[in-house]
Amino acid sequence: MFGMSNTIQTPYFVMYEKKLIHNLKKLNELEEKANIHILHTVKSFNQDTVLPIISAKLSGMSVTSPKELDIAKKANAKKVHLYAPAFKEEVLKEMIPNISTLSLNSLTQWQKFLSLPVSKGLRINPKLSLAIPTHCNPNLNSSRLGVDFVDFLDIYHDNKSQFEELEGLHFHALFQDKTEGLSLLLEHIVKYYQKVLPQLKWINLGGGHNFTDANYDVNNFVKLLDNFQTKYPNIKLYFEPGETVTKGCGDFMTTVLDIVVTEDIEVAILDTSIETHLLDVAIVNQSLQVKNTQKKVTPYFYELSGNSCLQGDLIGKYYFTEPLQIGDTIVFEDMMPYTMVKMTEFNGMEKARFYLQ
Ligand SMILES: Cc1ncc(COP(=O)(O)O)c(C=O)c1O
């Protein structure tokens, strides 16, 4: 009923170019209206056939490893920002000639790499009180991501000389934010870093911005940044969103291989597996949107499962609008950010292919 798999073999991810262009246009408009620089975070989406399209529209890319740097270079990224929780000396040294800015994550790493010839900043944990799921909340007191802002300011005020090389600050503290968190973050910066700001050339305001959401408050965004830039016109502002760049731009297509009737429920076995293609379902307990299903109860209730040997390879239970049949295509919607990058070959299953349409 949902159509047999067409000529392309499932499982595969498909990206709709028109939707990507729509998102990039929005991001571009924000860059121009707010006089900011948006860097695509490569770990969220790294398809080499598409990155040149993203690269042509945005100010650059944000990377965390030599492999991602290579990908960004091949995509002609205009500017590359590098950050990782910790660097091996030999690996970092090799990357330095190809990056524009670097954020270090701790005071130990700051001391160790102080003399490297690149514009350097420190990642700070601003410890904002925001309602963010724990697994991706870098503001926690226990977070290893960034120097605790109180510690940084204490040391800075006591011994400024060790920060003569400091040109930037990096705050990745938000999650799917529609300007409420950004407003708090900018207030935090203006309130606490008065003595540090005059020496800075850039601030990276991280990812976690819902820029391409239809309800994103563009006017408030522009206002917040205008206010900040009026006070600090010499500081370049970078953002490094991931999710929002490819949000809503593509789906994951699978096929029903069998339908097993158990005592409790009918289980549709698909040509995929959580551990292979859908790790976010396991890691962040994400429930996936499936085409032709609804919240309202229907007689066509199925559990969708993967094809691995783990009993727990269960994707979710859904009410379909019509009965499922072997050979039907099951479409998981809005699957571009992160999921694809995390694929494995667990159970000898092949990674899913990718198509641009
Ligand atoms: C340091 C850093 N910057 C940017 C991002 C992108 O965040 P998002 O995909 O929420 O925009 C991440 C995501 O984990 C990150 O760790």
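Glu-243 touches Ser-44, Gln-176, Pro-337 and Tyr-338, leaving out residues up to four places away in sequence. I begin with this residue, and I should say at once that the model before you is a predicted one. One of these contacts can be described further: the side chains of Glu-243 and Gln-176 make a polar contact at 3.1 Å. Glu-243 itself belongs to helix α9, which covers residues 243–246. Its relative accessibility is 23%, so Glu-243 counts as partly exposed.

Which residues does the UniProt annotation "binding site" cover? The entry, which is unreviewed, places this annotation on Glu-243 and Asp-280. The two span 38 residues in sequence, yet their C-alpha atoms are no more than 12.9 Å apart, so they gather at one spot. Both Glu-243 and Asp-280 are included in the lining of the largest pocket.

Let me turn to the second annotated residue. Asp-280 is found in helix α11, residues 279–283. Is Asp-280 buried or exposed? With a relative accessibility of 7%, under the 20% limit, Asp-280 counts as buried. Apart from its neighbours within four places in sequence, Asp-280 is in contact with Asn-285, Gln-286, Tyr-338, Thr-339 and Lys-342. Tyr-338 therefore deserves a look in the viewer, because it appears in the contact list of Glu-243 and in that of Asp-280.

I now move to the charged pairs. Side chains of opposite charge can pair when their charged atoms come close. How many salt bridges does the structure hold? There are seven salt bridges in the structure, and I shall describe some of them.

One of them joins the side chains of Lys-74 and Asp-70, with an N to O distance of 3.0 Å. This pair sits within helix α3, residues 66–74, where the two residues are four apart, about one turn of the helix. Lys-74 has a relative accessibility of 63% and counts as exposed, whereas Asp-70, with a relative accessible area of 34%, is partly exposed.

Another salt bridge brings together the side chains of Lys-120 and Glu-165, at 3.4 Å from N to O. Here the pair links distant parts of the chain, 45 residues apart: Lys-120 is in strand β6, residues 119–125, and Glu-165 is in the loop between α6 (149–158) and β8 (166–170). Lys-120 counts as buried, at 1% relative accessibility. Its partner Glu-165 has a relative accessible area of 42% and is partly exposed.

A further salt bridge is formed by Glu-167 with Lys-201, whose closest N and O atoms are 3.3 Å apart. This pair, too, links distant parts of the chain, with the two positions 34 residues apart in numbering: Glu-167 lies in strand β8, and Lys-201 lies in the loop between α7 (180–192) and β9 (202–204). At 22% relative accessibility, Glu-167 counts as partly exposed.

Finally, the overall division of the protein. Domain 1 covers residues 17–246, and domain 2 covers residues 249–356. How far apart do the C-alpha centres of domain 1 and domain 2 lie? The separation of these centres is 34 Å. The contact between the domains takes 17 residues from domain 1 and nine residues from domain 2.

To return to the starting point, the "binding site" annotation from the unreviewed UniProt entry covers Glu-243 and Asp-280, and the lining of the largest pocket includes both residues.

Technical notes: Residues numbered from 1 in each chain as written. Predicted model: local features only at pLDDT ≥ 70, side-chain atom pairs only at ≥ 80, totals over all residues. Heavy atoms only, no water. UniProt positions renumbered as here; feature names shortened; annotations may be inferred. 1 Å grid on protein atoms, 1.4 Å probe; cavity = no way out; pocket = protein on both sides within 12 Å on 5 of 7 lines; lining within 4 Å. Buried < 20%, exposed > 50% of the residue type's maximum accessible area, 1.4 Å probe, protein only. Contact = heavy atoms within 4.5 Å. Polar contact = N/O pair within 3.5 Å; in protein donor to acceptor, adjacent residues only side chain to side chain. Salt bridge = Lys/Arg side-chain N within 4 Å of Asp/Glu carboxyl O. Domains from an automatic or database assignment.
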